Amino acid sequence: MTMDTTATGVSVRGLVRSYGTRRALAGIDLDLGPGVTGLLGRNGAGKTTLLRCLATDLEATGGEVRVLGRDPEQAADRTEIRRRMGYLPQSPSFYPHFTVFGLLDYVAVLKELGGRRERHDEVRRAMRRVDLYDRRHSRVRRLSGGMRQRLGLASALLGDPELLLLDEPTIGLDPEQRIRFRDLVSELAARSTVVLSTHQIEDVAALCRRVLCLDAGRVVFDGTPDELVSRARGRVWEQGSRPAEGVTSWRLADGRYRVLVPEGTENPDSTAGVPVEPSLEDAYLLFTGAGRKTR
Amino acid sequence: MSWHLTHDQLHQYAAHTADDVTAMSAEAHLMHCARCRDLLPADEAWLDRSWANLRDIVDRPRRGPLERLLSVLGLRENTAKLLAATPQLYRAWLTATVLVLATALTVAHELPRGSLLFSFTAPVVPLLGVALAYGRWVDPAHSLTSVTPLAGYRLLFLRTSAVLVPALTLCTAAAALMPSTSTLWEAVFWLLPALAMVAGCLSLSRWMPLSLAGGLLGAGWLLTVGVLGIAEELDPLLLFSPTAQSGWAAALTLLAGAILLRMRTV
């Protein structure tokens, strides 16, 4: 497979990242372009490691990576990638004694953004985009968890990045803020490549035109949300009796059971229930390996 | 308003050709008369820029005392901002450094051979500061800042210099106040081992976290001092002998060269 080295997105071939003897990424191939791509997977599936490799925060142990057409292993390329990329890490932390404005101004200096006036204008623009402008002189330690998450998002947005890597961006946001976040990401996706790692299936359904499911450091599904749902058709059942051991199921509000039957197996209680239309969440659970577990 | 400026008066005022009395009168009138102000020709772009600058001055974040001090000392605004934002552990280290050196001075003045405490702690003071200056485990905002263009060696060296300047100043001042110090050499005998260990710490940071590298080297130094102190025929002060100083100088040169080479190639 040839590398897509265009300057707009991400291209990865055989990406391996190990921590000691454990392989967090076990040979990833992918090409990402403008639009929103969702990364789904259980904890430990490799989502954060993949984002950190793309964000130049971690070096790959093996394989080839090109971000915005550049090689992150080369110092000059790495710096150029960092100039054109925004990254929101999982659970970002900050200097608590800084004000919102002061912290973003500090990050803007690190991002080498313009002269003082232009830099301050860019910081104000980022604060307005995440609805933090009214709190610009508040100390970080006085912000709620949701506000801190928006502060992290604002820091990622500084400099109007061409590539935006967001690791669990909607944790701690209330429903209204999540809707604002979706609006913002949709607007950015019109001209940027956005990669979103999340456990919030609703965000993926609302935002992503492409979904990657990771399991044990490998891509186990790559397609649209509709394709993911269609792969789960015939594997989701509802029945009145408690299902047999060995399949994933949960009790619904009406007392019935929803059962997920993994690929390659049959529902042992198929006479007791009926197949139903799968949701994106059902499909996610099936493809990220949850369907292989006994509950 | 019962009267207004004539066209000629407005034109002369705008062109700065009105005499002083007319100009002062026109200015006083314009302060209160929106109609005449509207007739005054204005450079809209200049006005917009001026308002934007004014808004920025009123609204921008207030600079802390350290940032202002660094600016007064001649540092560029961005550099002062980056140095003033160093992690809180840095401040704790600075406080600890002052306390340790004050203790070493007191001991040196009160106890026989008390100056040994300073001899063995001074070389590790800058090392510990550097170890606490940069990295995921010591900097709460590291995950945000580590992927910015200035991260890596540029920010690391900026923070290292923020450690070395106060550390070397404080250690030199403490050495000068030691009861046994009478020559320049006696005031700076600790300097080469200190710098060599800092360079070693920066070199090791290629393979391990900076804090771990600093901790290992500091522990190695104290262990060596302890072993030399226990051994019957050896003296810990051998670490500062002319031969040892040549070794420290050689190590410093090699390590600094390796760091510079790495900076150019990576």
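The paragraphs below walk through a predicted model of two chains, A and B, taking each chain in turn and then the place where they meet.

Chain A contains nine helices and 13 strands. Its C-alpha trace spans about 70 × 45 × 35 Å along the principal axes, and its radius of gyration is 21 Å, which agrees with the value near 19 Å that a compact globule of 295 residues would have. Of these 295 residues, 47% count as buried, and among the contacts in chain A with a separation of 6 or more, 67% are between residues 24 or more positions apart.

A good place to enter chain A is helix α5(A), which covers residues 145-157. This helix has 13 residues and reaches 19 Å from its first C-alpha to its last, close to the 18 Å expected at 1.5 Å a residue. Because 11 of its 13 residues are buried, α5(A) is largely enclosed by the rest of the structure. The buried residues include Met147(A), Leu151(A), Leu153(A) and Leu157(A), but also Arg148(A), Gln149(A) and Arg150(A). What do the buried residues of α5(A) pack against? Within chain A they meet the strands β5 (85-88) and β6 (163-167) as well as the helices α3 (100-110) and α4 (116-129), and α10 of chain B is also among their partners. After the helix comes Gly159(A), with a positive phi near 85 degrees.

Two of these packing partners, β5(A) and β6(A), are themselves joined by four bridges and run parallel. Within this pair, Tyr87(A) has Leu165(A) of β6(A) as its bridge partner. In a regular strand the side chains alternate between the two faces of the sheet. In β5(A), Met85(A) and Tyr87(A) point one way while Gly86(A) and Leu88(A) point the other way, and all four are buried.

The loop between β5 and α3 of chain A holds Ser91(A), whose phi is near 45 degrees, a positive value in a residue other than glycine. Most residues other than glycine have a negative phi. Ser91(A) has 13 other C-beta atoms within 10 Å, and it is therefore classed as partly exposed. A second residue of this kind is Ala216(A), which has a positive phi of about 50 degrees although it is not a glycine. Ala216(A) lies in the loop between β8 (210-215) and β9 (218-223) of chain A, and it too is partly exposed, with 16 other C-beta atoms within 10 Å.

Further along chain A, four strands form an open sheet in the order β11-β12-β10-β13, with antiparallel pairing. The edges of this sheet are β11 (248-251) and β13 (273-275) of chain A, each of which pairs on one side only, and neighbouring strands are turned by 25 degrees against each other on average, direction ignored. Strand β10(A), residues 236-239, is joined to the antiparallel β13(A) by three bridges, and Glu238(A) has Val274(A) in β13(A) as its bridge partner.

Chain B is built from 15 helices and zero strands. Its C-alpha atoms fill a box of roughly 105 × 45 × 30 Å along the principal axes. The radius of gyration of chain B is 30 Å, whereas a compact globule of 266 residues would have one near 18 Å. Buried residues make up 30% of the 266 residues in chain B, and of its contacts between residues at least 6 apart in sequence, 68% join residues at least 24 apart.

One buried position in chain B is Gly135(B), found in the loop between α9 (124-131) and α10 of that chain. Gly135(B) counts as buried because 21 other C-beta atoms lie within 10 Å, where the cut-off is 20 or more. Leaving aside residues up to four places away in sequence, Gly135(B) touches His142(B), Pro209(B), Leu210(B) and Ser211(B). By contrast, the C-alpha atoms of Gly135(B) and Thr121(B), 14 residues apart along the chain, are separated by 24 Å.

It remains to describe how the two chains meet. At this interface, 22 residues of chain B are in contact with 28 residues of chain A. Helices α4 (44-59), α6 (77-84) and α10 (142-145) of chain B each supply at least two residues of the side that touches chain A, and α6(B) gives the most, with four residues. By class, this side of chain B has 12 nonpolar, six polar and four charged residues.

Technical notes. Residues numbered from 1 in each chain as written. Chains lettered and ligands numbered in written order. Predicted model: local features only at pLDDT ≥ 70, side-chain atom pairs only at ≥ 80, totals over all residues. Contact = placed C-beta atoms within 7 Å. Nonpolar A, V, L, I, M, F, W, Y, C, P; charged D, E, K, R; others polar. Pairing = 2+ DSSP bridges. Axes fitted to C-alpha atoms, helices over the stretch in contact; angles between N-to-C directions. Rg over C-alpha atoms; globule rule 2.2 N^0.38 Å. Buried ≥ 20, exposed ≤ 12 C-beta atoms within 10 Å, placed from the backbone. Expected span 1.5 Å × (residues − 1).
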